[in-house]
Amino acid sequence: LPDSIKESILCFILTIAIRESRKPAMINSTMFNPHNSMLIHISRYTLWQNRLKDLIDEYVRELQSSLQLDDPGNLTSIFATFERIWFKYYSKIIEHISDYLPKGYDDVFLKPISFETIKNNFLTDAIKGIEVKAINSATGDKLIYPKNTPKKYIAIGGNRLSRGFTLEGLSINYFVRSTDYSDALLQMGRWFGYRPGYIDCCKLFITRDSMEKYDLVTKTIEELETEFRKMEEKDKTPKNFILRVKKHPGALKITRPTILRDTKEV
């Protein structure tokens, strides 16, 4: 396993621990989601997915054993590794989440917490019950989220985890698939959406190329929203107002050519 995948799994366990610490305050809220999910997408080939599942299963078992056997005070223990990940990915945003949120976004459940509290009270239990699933035709694995039984899933997938499928309590995404189409990019963004009580725990592991493409497609959407506002101000409809969607030659196409056959390039 590459170190980046190992770090993403450590992040998932820390996220579960943080969410467990907030559970007593949230459990009676309509926004409470009892499930925890992590998405890993490195390939559409089932052979790769199934091999990765075996490696991650083994890694999670090693972590669980270390959490039970290691001395928390030892500087070479798994607890020290978790502490390093905490300060690399969590401490700043957990303590200063209000600085990152847009104006008017209010979430009373985003309470700061220290690593010592996590380590002493929640970390060992957080890893228990994690199920690693390769979601493809070869395994037949499924993600089932019972109403009264909290689940912890690491879902490794490809085409089966495409649009229309919800991963409940999704927090950590390790995603290296790429595309040159704006519409496909948006369908692949499973991490979009609201995360009440744990938006400060969410992490996205993607490539620099994907980051740049998501940046471009976000600008495209914002410009399209401006076009909608212009249309409304002029009391027009799409039937009598030309709507334009920007493409980025050499970087990003809007969609497949067959869908664009009735459009005009300007």
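A residue counts as buried when its relative accessible area is under 20%, as exposed when that area is over 50%, and as partly exposed in between. On this scale, strand β5 (residues 203-206) of the predicted model has two unlike faces: K203 and F205 are covered, whereas L204 and I206 are uncovered. In a regular strand the side chains alternate between the two faces of the sheet.

Strand β5 pairs with strand β4 (residues 170-175). The two run parallel and are joined by four bridges. Residues from both faces of β5 have partners in β4. K203, on the covered face, stands opposite I172. L204, on the uncovered face, stands opposite N173. Between the two strands the chain passes through helix α8 (residues 182-188), and this β-α-β crossover is right-handed.

Strand β4 also pairs with strand β1 (residues 36-41). These strands run parallel too, with five bridges between them. H41 has F175 of β4 as its bridge partner. Six of the six residues of β4 are buried, so this strand is largely enclosed by the rest of the structure.

The wider fold can be described next. The protein chain contains nine helices and five strands. Along the sequence, the elements follow the pattern α-β-α-α-α-α-α-α-β-β-β-α-β-α. The C-alpha atoms fill a box of roughly 70 × 45 × 35 Å along the principal axes. The chain has 266 residues, and 41% of them count as buried. Among contacts with a separation of 6 or more, 73% are between residues 24 or more positions apart.

In soluble globular proteins, nonpolar side chains tend to be buried together. The largest nonpolar core of the model has 40 residues, and I9, I56 and I154 have the most contacts inside it. Helix α1 (residues 3-26) supplies the largest share of this core, 10 residues. I154 touches two of the residues just named, I9 and I56. Leaving aside residues up to four places away in sequence, I154 also touches F12, M38, I40, V60, I130, E131, V132 and K133. A second core is separate and has 16 residues, including L143, L161, Y214 and V217.

Helix α1 was then examined for its length and course. At 1.5 Å a residue, its 24 residues should span 34 Å. The end C-alpha atoms are 33 Å apart, which agrees with that span. Helix α1 nevertheless bends by about 30 degrees at E20. A proline, P24, follows within four residues of E20.

One residue of helix α2 (residues 46-69) was also considered: S66. Is S66 buried, partly exposed or exposed? Its relative accessible area is 22%, and buried means under 20%. S66 is therefore partly exposed. Not counting residues up to four places away in sequence, S66 touches I78 and F79. I42 lies 24 residues from S66 in sequence, and the two C-alpha atoms are 27 Å apart in space.

Methods. Residues are numbered from 1 along each chain as its sequence is written. This is a predicted model: local features need pLDDT of at least 70, side-chain atom pairs count only at pLDDT 80 or more; totals for chains, interfaces and linings use all residues. Side-chain values use heavy atoms; hydrogens and water are left out. A nonpolar core is a set of buried Ala, Val, Leu, Ile, Met, Phe, Trp, Tyr and Cys residues joined through side-chain atoms within 4.5 Å. Buried means under 20% relative accessible area, exposed over 50%, partly exposed in between (1.4 Å probe, protein chains only). Contact means heavy atoms within 4.5 Å. The expected span of a helix is 1.5 Å times one less than its number of residues. The bend at a residue is the angle between axes fitted to the seven residues ending there and the seven starting there. Two strands pair if DSSP finds at least two bridges between them. A crossover is right-handed if, with the strands pointing away from the viewer, the path from the first strand over the helix to the second runs clockwise.
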